[in-house]
Amino acid sequence: MEGVSVRKIKKICVFCGANSGKDVAFVNAAFHLGEILGKRKIDLVYGGGKLGLMGCVSTAVAQHERQVLGIIPSAFTVNNLVGETCGKEIKVATMQERLVMMMELSDAFIALPGGFGTLEELFQMISWAQLSIHNKPIGVLNINGFFNGLLSFVDHAVKQEFITPRARKILISATTADELVDKLQAFRFESDPALSKLKWSPSSSQKEKLDLTLRL
């Protein structure tokens, strides 16, 4: 559409549960997301293995002949704990190394239903975006209202002035895969003027002084 900037997304990292969840709608949505990524010629980055929703989305992407990259800590590969990764696999030493590599190799991030690990990954990416470590879009696929409570909590934190309205815009949500990918492509990053001055390169000896009234 004329006048509308569309972000080029070639690889999306998907965070989701290693379980399938109680509602079959979660499994169906994971397969459908993989199909949408495949049809849109978008490759997948994920946590590796074939368990739960992670296996569903990776299988669907591979079936549509798109590249699948699983980034997995070596500890998880012992005794075939999480099953065989559907596609190429990169082994890393730590969970943090895994998340950093996911950030570097992906153009956007989607969270499907999951547990503590999924939530950790989601909020780590949001926090890094707020700190201007990256400027990539982040969204949740809100299947059957799974993320309603989380989104309400985030809005509550905004009202209580622990999260700024600008930072709140980092987290995108949608109820269908097509709508969510459209929103990720249309996302325009709005950095905090003070936080955008931070220098995160390893060679930086000092960081810019922050306004202490900022709500991190």
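Which helix holds Val27? The place of Val27 is in helix α1, and the tour returns there after a look at the whole chain.

**Before you start**

This is a predicted model, in which local features need pLDDT of at least 70 and side-chain atom pairs count only at pLDDT 80 or more, while totals for chains, interfaces and linings use all residues. Residues are numbered from 1 along each chain as its sequence is written, and side-chain values use heavy atoms, with hydrogens and water left out.

**Stop 1: the whole chain**

Show the chain as a cartoon. The chain has 7 helices and 7 strands; helices (H or I, at least four residues) and strands (E, at least two) are DSSP runs, numbered from the N terminus. Followed from the N terminus, the elements run β-α-β-α-β-β-α-β-α-β-α-α-β-α. The radius of gyration of the chain is 17 Å, close to the 17 Å that the globule rule gives for 216 residues, so the chain is as compact as a globular protein of that length. That radius is taken over C-alpha atoms, and the globule rule is 2.2 Å times the number of residues to the power 0.38. The C-alpha trace spans about 50 × 40 × 35 Å along its principal axes.

Switch to a surface view. The accessible surface of the chain comes to about 11800 Å², and 53% of it belongs to carbon and sulfur atoms. Accessible areas come from the Shrake-Rupley method with a 1.4 Å probe; for residues, only the protein chains shown count as cover. Of the 216 residues, 44% are buried. Buried means under 20% relative accessible area, exposed over 50%, and partly exposed in between (1.4 Å probe, protein chains only).

Among contacts in the chain with a separation of 6 or more, 69% join residues 24 or more positions apart; contact means heavy atoms within 4.5 Å.

**Stop 2: Val27 in helix α1**

Select Val27 in helix α1. Val27 is buried, with a relative accessible area of 18%. Leaving aside neighbours within four places in sequence, Val27 is in contact with Ser20, Leu53 and Cys56. Now add Leu112: its C-alpha atom is 10.0 Å from that of Val27, although the two are 85 residues apart along the chain.

**Stop 3: the aromatic cluster**

How many aromatic pairs are there? The count comes to 4 aromatic pairs. Rings of Phe, Tyr and Trp (its six-membered ring) pair if their centres lie within 6.5 Å; planes under 30 degrees apart count as stacked, over 60 as edge-to-face and the rest as tilted.

Select Phe26 and Phe146, an edge-to-face pair with 5.6 Å centre to centre and 80° between the planes. This pair links distant parts of the chain, 120 residues apart: Phe26 is in helix α1 (residues 24–39), and Phe146 is in the loop between β6 (138–141) and α5 (148–159). Phe26 counts as buried at 12% relative accessibility, whereas Phe146 counts as partly exposed at 35%.

Add Phe147, which forms an edge-to-face pair with Phe146, at 4.9 Å centre to centre and 85° between the planes. Phe147 counts as buried, because its relative accessibility is 1%. Phe26, Phe146 and Phe147 form one aromatic cluster.

**Stop 4: two loop residues with positive phi**

Go to the loop between α2 (52–63) and β3 (68–73) and select Glu65. Phi of Glu65 is near 60°, a positive value in a residue other than glycine. With a relative accessible area of 73%, Glu65 is exposed.

Then find Ser132 in the loop between α4 (116–130) and β6. Ser132 also has a positive phi, about 60°, although it is not a glycine. Ser132 counts as partly exposed at 21% relative accessibility.

**Stop 5: Phe116 and Gln96**

Select Phe116 in helix α4. Is Phe116 buried or exposed? At 80% relative accessibility, Phe116 counts as exposed. The C-alpha atoms of Phe116 and Lys199 are separated by 30 Å, with their positions 83 residues apart along the chain.

Finish at Gln96 in helix α3 (residues 95–105). Gln96 counts as partly exposed at 41% relative accessibility. Not counting residues up to four places away in sequence, Gln96 touches Gln124 and Trp128. From C-alpha to C-alpha, Gln96 and Ala62 are 26 Å apart in space and 34 residues apart in sequence.
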